[in-house]
Amino acid sequence: MRNRLAANSMNLVTAGIAPGKDSTMDEQTTLPGGEDDRRWWYQPEVAMLVTLVTAIYFCRLTTLPICGEESRWARGAVEMIQTGDWVVPRQQGQPFLDRPPLGSWLMAIAGLIRGKVDLVAVRLPSVVAILLTTFVIFAYARSFLSRFWSFACGAIYCTLGQVLELGRLGENDTVFALCVSTALLAWHCAYTRGWSPWALWATGYGLAAIGAMQKGLQSIVYFAFVTTFFLAIRRDWRTLLSPGYAAGIATLVVILSAWVIPFYFATDLDSTIAIWTQTVTARFGREFSLTGLAKHMATFPLKTFACLLPWSPFFLALLSRRAREAIGPVPPQIIFLATAVLATYPSLLLATDARTRYFISLYPCLSILLGWIMQRCAAAEIGSEARRAWNRYLVVISAIAAAVGVAVVVASLWPTTISRDLSQPLWFAFSFGAISLTTSAMAIWSVRQHSQRSVQLAVIVLSVFLGLSYTGVVINAKARRAYDMSDAVAALKLRLPQPTRLVSFGPINHRFAYFYESLIEELLWPVQPGDVPSEVVYFCYDRRPGDTVERRFNGRLWNPGTTPGTLPMEWEEIAVLPTGRNKSQPDDQVVVGRIVSSRRMAGSQKSGVE
């Protein structure tokens, strides 16, 4: 019995957990035997994660209209289903060489299940990826944290500010984060458990290859660099230079070749190279300046910190030497996670055009780091610097929660132009206000208590409050401003004789193309009357704010170009449809017209920018 207790204490110490009567750790942390020996997916905290993620992300999934890049990938999924070509991603029938097709594949599969690539099908892959990522986080964190704090790591990830913003959109980010984080965390778990190098590298590079199919080579580069850097620090050259590494590369090549080879034969070598490099070249190949780099390096960490709110302030505790001493020993998992973050962050810090969302693939690692710091601060001795950091955080959160609740109630009772976004239906405003004050009271109560139960309740209540704030207040504000062009496109189709062949002169806005549903054939912008096929009657084109009679923008994403601003035939305007995501946002327009002169005489030109 004595040996078993000693072993348990040693387990706690090596995991970076100093046991003691003031510790708020779950007492079942690493005890062998008993209910904690169940597989992680049978543990009740997993059910709590499912409930939290479902309530935040699966509810009100279709409240906001399709916006941003969602319709671009959704249109690619629609054309896959319409043409039966799942190899070459397309826009208006033309190869779309922005990135590999996994994102559109997932939407297309969801669309086949639902019978249509609708809003649910577009956004379902993203929200499912959030749920699966929290499972991965929980499973990894359970190797050194208690059940509750493993849950807290998953709750932190799904309530990070930028994850809340992007997680319910049909974008590539959350699926990519799932792939990259799973590759890194699964590799490290396999490494610590002594897997053979063959299985170790095949698993890691196989998962990294799937990530590359979602968003390009960043997945592979990050995985290779992190694992190499980590093993080099440990001087584990045997694993790094093992013949098993070749098995990992072979797995990577086999997975990518299953799509790349058919894509190459369906297109050409230039297209094959472009689909992997075009986006990176366009974003990071712009003119370099030392001033721009210095400004970016000074502001990008602050932006990252803001995107990780409201949990990121716990990183500030590491700035205090006394707080670091109170936090105690660092478990090997934390060393790996810190290595992963430090090895990859400079790639964005040194790229002046980098955006914070490009680092979302490492947010799962950051969430586990934050969960561990929070646990150590909450478990520190009363009066220590780490414990004071925990208490200060709760006090600030208490004040913010109360202020937000009061502000929402006041704005809803007396709405003004300034407070319009905060205004809510009165029943919701008062409900939200009550929950805000409850969150505030719970945070203060937790400061005054010294039990693990008070800490757990504070984390749970705060997570729920954050989810409700975004799903309720923020979504309502966004919905009030959002412009849904689906009704305008439906009304346009009723005005056009059916069936109608609608073509576009140059690429057409992907949002319009998605709502129009039928394929809009892309033609070159006509310069001479004979450039327009004689059978074309109805056409459309993009009109941008900067277009002039002499010159208009004409291109798609990373292939910008210009054309004359005048059409060489007589035509009449049928409709002008804004394509911006917000009602008040001046943005691009789609102009729909009808050719009224079959002769298309050059002398009958009409400007395309009126």
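**Pockets, cavities and a helix crossing**

The largest pocket has a volume of about 1100 Å³ in this model, which is a predicted one. Its lining counts 47 residues, and those closest to the centre of the pocket are Cys-67, Gly-68, Glu-69, His-510 and Arg-581. Four helices each supply at least two residues of this lining: H3 (70-83), H7 (161-166), H20 (452-481) and H22 (510-516). H20 provides the largest share, with 4 residues. By class, the lining of the largest pocket holds 21 charged, 15 nonpolar and 11 polar residues.

The second largest pocket encloses about 740 Å³ of space. Of the 33 residues that line this second pocket, Leu-309, Pro-310, Ile-397, Ile-400 and Leu-466 lie nearest its centre. Two or more lining residues come from each of H7, H18 (385-413) and H20, and H18 gives the largest share, 9 residues. Here the lining is made up of 25 nonpolar, 4 polar and 4 charged residues. Readers tracing the helices may like to note that H7 and H20 appear in the lining of the largest pocket and again in that of the second largest.

Turning to enclosed space, the model has 4 cavities of 30 Å³ or more. The largest cavity contains about 80 Å³. Its lining consists of 13 residues, with Trp-73, Pro-89, Arg-99, Pro-100 and Ser-104 closest to the centre. H3, strand S1 (90-91) and H4 each contribute at least two residues to the lining of this cavity, which divides into 6 polar, 5 nonpolar and 2 charged residues.

The second largest cavity, at about 50 Å³, is lined by residues that include Gly-103, Leu-106, Met-107, Val-122, Pro-125 and Ser-126, along with Glu-171 and Gln-214. H4 and H5 are the elements that give two or more residues to this lining. In terms of class, the lining of the second largest cavity comprises 5 nonpolar, 5 polar and 1 charged residues.

These two helices also meet one another. The axes of H4 (102-114) and H5 (119-141) come within 8 Å and cross at roughly 130 degrees, so H4 is oblique to H5. The crossing of H4 and H5 is right-handed. On the H4 side, the contact is made by Leu-106, Met-107, Ala-110, Gly-111 and Arg-114, while H5 contributes Val-120, Ala-121, Val-122 and Pro-125. This contact has 7 nonpolar, 1 polar and 1 charged residues. Leu-106, Met-107, Val-122 and Pro-125 thus take part in the contact of H4 with H5 and also line the second largest cavity.

Terms used: Residues are numbered from 1 along each chain as its sequence is written. This is a predicted model: local features need pLDDT of at least 70, side-chain atom pairs count only at pLDDT 80 or more; totals for chains, interfaces and linings use all residues. Side-chain values use heavy atoms; hydrogens and water are left out. Axes are lines fitted to C-alpha atoms, for helices over the stretch in contact, and angles run from 0 to 180 degrees between N-to-C directions. Angles under 35 degrees count as roughly parallel, over 145 as roughly antiparallel, 65 to 115 as roughly perpendicular and the rest as oblique. A crossing is left-handed if the near helix is turned anticlockwise from the far one by less than a right angle, and right-handed if clockwise. Contact means heavy atoms within 4.5 Å. Ala, Val, Leu, Ile, Met, Phe, Trp, Tyr, Cys and Pro count as nonpolar, Asp, Glu, Lys and Arg as charged, and the others, Gly among them, as polar. On a 1 Å grid over the protein atoms alone, a cavity is a set of points where a 1.4 Å probe fits but cannot get out, and a pocket is an open set with protein on both sides within 12 Å along at least five of seven lines; lining residues have an atom within 4 Å of a point. Grid points are joined across faces, edges and corners, and a volume is the space filled by probe spheres set on the points.
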